[in-house]
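This report concerns the structure shown below. Its topics are a pocket, aromatic contacts, backbone geometry and selected residue positions.

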Amino acid sequence: MVILQEGSLLAGIRGRIGNIVIYQWKNKVCARTLPAKPHKKKVRTIPQQAQNGKMKVLTPFLKNVKPFLRTGFKHIAQERNITANNAAKSVNLLHAVKGEFPNQEMNWDTVLVADGGLLKPENVKVVLTENAFNFTWDEDITATGNPNDRAIILLYNKNFGRVHANYSGAQREELKHTFPMKPGYIKNNTYEVFIAFKDIMSDEVSKSVYCGRFTN
């Protein structure tokens with residue numbers, strides 16, 4: 001509220017001018033502005049709602065595996081001058097969610113936790129035992145991959161948001177890697193499992209490979 005001085009331009013006016021109301025109060029002439037009308041929320045289109053739905057599906061996973069993404073998307077993030085999390089979000093929004101809104105869910109087969117130009121592991125097989133995940137992969141018959149590249153591995157337990165990772169596993173030429181774990185972390189648990197290769201000198205990586213869902 002503003003009290004107008006006698007003799008001022010607006011002191012003799014009563015009523016509304018635009019969003020200003022001039023009125024008499026206790027022998028004084030006052031002025032106040034009307035409250036702004038609340039903006040009506042625009043109804044989102046189905047494509048907009050679907051995109052928002054994808055974000056809701058992806059966010060818990062990306063949040064939990066964020067430390068691994070810093071390795072898996074390091075170079076792409078640097079090239080685009082964005083965070084590794086945003087780089088991962090960008091690529092996974094395109095392919096990693098399946099279903100029509102509102103029935104959307106993770107498409108684990110196409111999730112990427114690493115993305116780069118190195119030759120990726122081929123024909124990966126995983127055998128789950130009481131205390132380890134045992135990985136094998138095919139020999140590089142193209143001879144284009146560095147035999148000293150290291151395996152990087154991500155095990156994701158959705159139920160507990162638990163992540164187990166190895167950033168310097170066996171070399172490409174070894175064709176196998178054993179990821180030991182305490183039996184208590186394996187028994188009655190379900191894991192989504194990923195593997196990729198990393199160059200230990202440049203930190204360049206390959207695209208990750210989804211190895212499957214494993215329950216003991």
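## The largest pocket

In this predicted model, domain 2 (46-110) and domain 3 (122-215) both contribute residues to the lining of the largest pocket, so the pocket lies between them. The space within the largest pocket amounts to about 170 Å³. Three elements, β6, β9 and β12, each supply two or more residues to the lining. Of these, β12 provides the largest share, with three residues.

The lining consists of Val57, Glu105, Met106, Trp108, Tyr156, Asn157, Lys158, Asn159, Thr190, Tyr191, Glu192 and Arg213. Sorted by class, five lining residues are nonpolar, three are polar and four are charged. Trp108, Tyr156 and Tyr191, which are among the lining residues, reappear in the aromatic contacts described next.

## Aromatic pairs

A pair of aromatic rings is described by the distance of the centres and the angle of the planes. Across the whole structure, a search finds 10 aromatic pairs. One of the pairs is formed by Trp108 and Tyr156, with 6.0 Å from centre to centre and 40 degrees between the planes; this geometry is tilted. Trp108 is located in the loop between β6 (105-106) and β7 (125-128), while Tyr156 belongs to strand β9 (residues 150-157), so the pair ties together parts of the chain that are 48 residues apart in sequence. Trp108 and Tyr156 are both buried.

Phe133 and Tyr191 have ring centres 5.7 Å apart and planes at 85 degrees; because planes over 60 degrees apart count as edge-to-face, this pair is edge-to-face. The contact links distant parts of the chain, since Phe133 is in strand β8 (residues 132-136) and Tyr191 is in strand β12 (residues 190-198), 58 residues apart. Phe133 and Tyr191 are likewise buried.

## Aromatic cluster and a charge over a ring

Trp108 and Tyr156 also belong to one aromatic cluster, together with Phe61, Phe194 and Tyr210. Two members of the cluster, Trp108 and Tyr156, are thus also found in the lining of the largest pocket.

A contact of another kind involves Arg162 and Phe160: the charged end of Arg162 sits over the ring of Phe160, at 4.9 Å from the ring centre.

## Backbone geometry

Most residues other than glycine have a negative phi, and most peptide bonds are trans. Where does the model contain a cis peptide bond? The bond from Phe101 to Pro102 is cis, with omega near 5 degrees. Pro102 is situated in the loop between β5 (97-98) and β6.

Asn81 and Ala143 are non-glycine residues with positive phi values, near 55 degrees for Asn81 and about 60 degrees for Ala143. Asn81 is placed in the loop between α3 (74-80) and α4 (84-95), and Ala143 in the loop between β8 and β9. Are these residues buried or exposed? Relative accessibility is 71% for Asn81, which therefore counts as exposed. Ala143 has a relative accessibility of 65%, so Ala143 counts as exposed too.

## Sequence separation and spatial distance

Three residues, Ala170, Asn134 and Lys66, serve here to set position along the chain against position in space. Ala170 occupies the loop between β10 (162-166) and β11 (176-180). With a relative accessible area of 7%, Ala170 is buried. The C-alpha atoms of Ala170 and Ala151 are 5.6 Å apart in space, although these residues are 19 residues apart in sequence.

Asn134 is part of strand β8 and, at 22% relative accessibility, counts as partly exposed. From Asn134 to Val113, the C-alpha separation is 20 Å, with their positions 21 residues apart along the chain. Lys66 is in helix α2 (residues 66-72) and is partly exposed, with a relative accessible area of 38%. Lys66 and Val127 are 61 residues apart in sequence, and their C-alpha atoms are 26 Å apart in space.

Note on methods:
Residues are numbered from 1 along each chain as its sequence is written. This is a predicted model: local features need pLDDT of at least 70, side-chain atom pairs count only at pLDDT 80 or more; totals for chains, interfaces and linings use all residues. Side-chain values use heavy atoms; hydrogens and water are left out. Rings of Phe, Tyr and Trp (its six-membered ring) pair if their centres lie within 6.5 Å; planes under 30 degrees apart count as stacked, over 60 as edge-to-face and the rest as tilted. Helices (H or I, at least four residues) and strands (E, at least two) are DSSP runs, numbered from the N terminus. Buried means under 20% relative accessible area, exposed over 50%, partly exposed in between (1.4 Å probe, protein chains only). A charge sits over a ring if NZ of Lys or CZ of Arg is within 6 Å of the ring centre and within 35 degrees of the ring normal. On a 1 Å grid over the protein atoms alone, a cavity is a set of points where a 1.4 Å probe fits but cannot get out, and a pocket is an open set with protein on both sides within 12 Å along at least five of seven lines; lining residues have an atom within 4 Å of a point. Grid points are joined across faces, edges and corners, and a volume is the space filled by probe spheres set on the points. Ala, Val, Leu, Ile, Met, Phe, Trp, Tyr, Cys and Pro count as nonpolar, Asp, Glu, Lys and Arg as charged, and the others, Gly among them, as polar. Domain bounds come from an automatic or database domain assignment.
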